[in-house]
Amino acid sequence: MITEEKILSTRHAWQQELSRAITRPEELIRVLDLDRGLLPAAYAAAKRFGLLVPRSYVALMAPSEPQDPLLRQVLPLAEELWSPPGFSTDPVGERAAVCTPGLLRKYQGRALLLLTGACAIHCRYCFRRHFPYREDSAQLDRAAGAVRRLAEDPSIREVILSGGDPLMLDDEPLAILIGKLEEIPHLRRLRLHTRLPIVLPARVTDRLCHILSASRLQPVMVVHTNHARELGSAARSALERLRNAGVLLLNQSVLLRGVNDSAHRLAALSETLFECAVVPYYLHLLDRVLGAAHFESDEATAIEILDQLRTLLPGYLVPRLVKETAGEPYKIPLGLYKLDTKTKKGAL
Ligand SMILES: *Cc1c(COP(=O)(O)O)cnc(C)c1O
Ligand code: SF4
């Protein structure tokens, strides 16, 4: 029998899981049986951008393996304290693109709504790690101004819910917001950029699937996965629920040194994503954000990896390698030509 208590506890399962996430470097090191010598640097780096990782994601990591590709995405390291030239706190010019608090409008036809600064995981390479969320995320009560602005601009066909992670909002506030967006006649598509189906799959509730499938707006979800091992059984089942709700599923990754910077790893990622009905969309070059220099692969290496990837996969499983450049009207595609292996320069 389904009691009210049971419904309540299922609805809040993801919040409960989130409240139990690991935030202390000491605990992460202990759970994974890693060298305690990593601790002082972890604490120093975590002061700038805190450690946060759900336990279900930690369970996908190999114990006693400091190079584990999932661990590298979340463990604060001494390298984050480097300040090499060319790395800044706002590498993609995001602050300049804010038109109304919480609304980013960089590209024609689509606008990005920053709903919250919160995430369920802190990815060490995140380009928003220094972003002043408190002033600039719409937080639902302030979203009204952003929604009004969208209503006034008939050139916008697609609204992108982003953050932080928009799915940090609970289902009911999201339903109310989506209802308001549906009233804007020129909007056609609703896109969500979220990492939660991968790192906290319990967030994909039946209610969320229903909200998306019942919407007048065509739902698109861009999830964020960097390595095939992130797709455990819970994430796979969350993606299946979304797909069954009629949501088009795409993936974006960031090319990260020591995580996925090889054609074979990226091929395994694409193949695994496709098993979950997710199509690879973007492979981003790292945004040069302060604290993330140790993740960077140079452009020539990235193009070379993409060139090899093309030999391993059907065209529809090869993501578009892109670089975000402040002031450009779209994300700049790289490696569209064949690489000259001698000079490492692109040739048409
Ligand atoms: C990446 C991004 C988009 C979406 O770009 P697509 O190429 O449509 O995926 C929209 N707005 C902003 C501000 C972005 O950074
Ligand atoms: S989930 Fe996305 S926004 Fe949040 S920390 Fe990771 S990369 Fe940044």
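A residue is near a molecule or strand if one of its heavy atoms lies within 4 Å of it. The model is predicted: local features need pLDDT of at least 70, side-chain atom pairs count only at pLDDT 80 or more, and totals for chains, interfaces and linings use all residues. Residues are numbered from 1 along each chain as its sequence is written, chains are lettered from A and ligands numbered from 1 in the order in which they are written, and side-chain values use heavy atoms, with hydrogens and water left out.

**Exercise 1. Describe the surroundings of ligand 1.**

Step 1. List the residues near the ligand. Ligand 1 is surrounded by K106, Y107, R110, L112, I160, R191, Y281, Y282, E324 and K331.

Step 2. Look for polar contacts, which are pairs of N or O atoms within 3.5 Å; within protein, one must be able to donate a hydrogen and the other to accept it, and residues adjacent in sequence count only if both atoms are side-chain atoms. An N or O atom in the side chain of R191 is 2.8 Å from an oxygen atom of ligand 1. For Y281, a polar side-chain atom lies 2.7 Å from an oxygen atom of the ligand, and for Y282 the corresponding distance is 2.6 Å.

**Exercise 2. Characterise the interface of domain 1 and domain 2.**

Step 1. Set the bounds, which come from an automatic or database domain assignment. This assignment gives domain 1 (4–81) and domain 2 (95–347). Contact, meaning heavy atoms within 4.5 Å, takes 31 residues from domain 1 and 32 residues from domain 2. The centres of the two domains, taken over C-alpha atoms, are separated by 22 Å.

Step 2. Determine the buried area, that is, the accessible area (1.4 Å probe) that two parts lose on being put together, summed over both. It is about 2700 Å², and carbon and sulfur atoms give 60% of it. In domain 1, W14, F49 and Q73 lose the most area to domain 2, together 31% of what that side buries.

Step 3. Count the polar links. There are 14 residue pairs in polar contact between the domains (both at pLDDT 80 or more). Across the interface there are also 3 salt bridges, each a side-chain nitrogen of Lys or Arg within 4 Å of a carboxyl oxygen of Asp or Glu.

**Exercise 3. Locate the salt bridge of E26 and the backbone features of D33 and G164.**

Step 1. Begin with the pair. The side chains of E26 and R36 meet in a salt bridge at 2.9 Å, N to O. E26 lies in helix α3 (residues 25–31) and R36 in the loop between α3 and α4, so the pair ties together parts that are 10 residues apart in sequence. Here helices (H or I, at least four residues) and strands (E, at least two) are DSSP runs, numbered from the N terminus.

Step 2. Examine the loop between α3 and α4, where D33 is found. D33 has a positive phi of about 55 degrees although it is not a glycine.

Step 3. Turn to G164, found in the loop between β4 (158–162) and α10 (171–182). A cis peptide bond joins G163 and G164, with omega about 25 degrees.
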